[in-house]
Amino acid sequence: MKSILFGPLALFVASVVAAEPVKVPGIYSNMHFATEDVIGVEVFIVFGHNQYQAVVQCSEGSPGIPEVVPVTVSGSSVSFKLTSEKSGCPATTFSGQLTKSGLSGKFEGTAEYPGLLKRGRSYWQ
């Protein structure tokens, strides 16, 4: 009898938890120190004036100059376009998916670069 009552309840709770929207603002990074160089990508998404903005920085040895760009958000999909390579990133569009653990995506024209950027603290903190 207990399994008859708890089975549907467990399914209901699981569906409610799975339907929770992922929070967009945050720091997403895989930037790290490797031997003598700083390597990785960092994206800091904030909200202001009714739109999302990102501060984006990449490093393959020497960190680039962070670039601030508008972000398009649709559900859990995120995209933004970098117009300069001064950030250390490719001057192209980034497309990704937000999850509770981070931002997984790639820059257009790359083979899955940068991959998963974990949600958490900045490399610079």
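**Entry 1: Burial and surface**

I began with burial in this predicted model. Of the chain's 125 residues, 31% count as buried. I then looked up the exposed surface, which comes to about 7,800 Å². Carbon and sulfur atoms supply 60% of that area.

**Entry 2: Helix and strands**

I recorded 1 helix and 9 strands in the chain. Read along the sequence, the order is α-β-β-β-β-β-β-β-β-β, with the helix ahead of the strands. I also checked contacts between residues at least 6 apart in sequence, and 31% of these join residues at least 24 apart.

**Entry 3: The nonpolar core**

Which residues have the most contacts inside the largest nonpolar core? I found V43, V56 and F80, in a core of 19 residues. At least two residues of this core come from each of β3 (37-48), β4 (51-61), β5 (67-74), β6 (77-81), β7 (93-98) and β8 (102-107). I noted beside this that nonpolar side chains tend to be buried together in soluble globular proteins.

I then followed F80. Leaving aside neighbours within four places in sequence, F80 is in contact with V43, V56, V69, P70, V71, T92, T93, F94 and F107. Two of the residues in this list, V43 and V56, also stand with F80 among those with the most contacts inside the core.

**Entry 4: Aromatic rings**

How many aromatic pairs does a search of the whole structure find? The search gives 5. One of them is formed by Y123 and W124, with 4.7 Å from centre to centre and 85 degrees between the planes. I class this pair as edge-to-face because the angle is over 60 degrees. Y123 is partly exposed, with a relative accessible area of 27%, and W124 is partly exposed at 46%.

Elsewhere, ring pairs link F80, F94, F107 and Y113 into a cluster. F80 thus appears again, and its contacts include F94 and F107.

**Entry 5: A nonpolar patch on the surface**

I looked next for nonpolar side chains on the surface. F44, V46, V55 and V68 make a patch of about 300 Å². V68 belongs to strand β5. Is V68 buried or exposed? I put V68 down as exposed, because its relative accessibility is 57% and the cut-off for exposed is over 50%.

**Entry 6: Backbone details in the loops**

I searched for positive phi values outside glycine. H49 has a phi near 50 degrees. This residue is in the loop between β3 and β4, and H49 is exposed, with a relative accessible area of 81%.

E112 also has a positive phi, of about 65 degrees, although it is not a glycine. E112 sits in the loop between β8 and β9 and counts as exposed at 55% relative accessibility. Not counting residues up to four places away in sequence, E112 touches G105 and K106.

**Entry 7: A cis peptide bond and the segment after β9**

Which two residues does a cis peptide bond join? They are Y113 and P114, with omega at about 15 degrees. P114 is in strand β9, while Y113 is a member of the ring cluster noted above.

Lastly, I turned to G120, in the segment after β9 (114-119). G120 counts as partly exposed, at 36% relative accessibility. G120 and N30 are 90 residues apart along the chain, yet their C-alpha atoms are separated by 9.8 Å.

Definitions and conventions
Residues numbered from 1 in each chain as written. Predicted model: local features only at pLDDT ≥ 70, side-chain atom pairs only at ≥ 80, totals over all residues. Heavy atoms only, no water. Phe/Tyr/Trp six-rings, centres within 6.5 Å; stacked < 30°, edge-to-face > 60°. Buried < 20%, exposed > 50% of the residue type's maximum accessible area, 1.4 Å probe, protein only. Helix = DSSP H or I, 4+ residues; strand = E, 2+ residues; numbered from the N terminus. Contact = heavy atoms within 4.5 Å. Areas by Shrake-Rupley, 256 points an atom, 1.4 Å probe, with all protein chains shown as cover. Core = buried A, V, L, I, M, F, W, Y, C linked by side-chain atoms within 4.5 Å. Patch = residues over 30% accessible without salt bridge, like charges linked within 9 Å, V, L, I, M, F, W, Y side chains within 5 Å. Salt bridge = Lys/Arg side-chain N within 4 Å of Asp/Glu carboxyl O.
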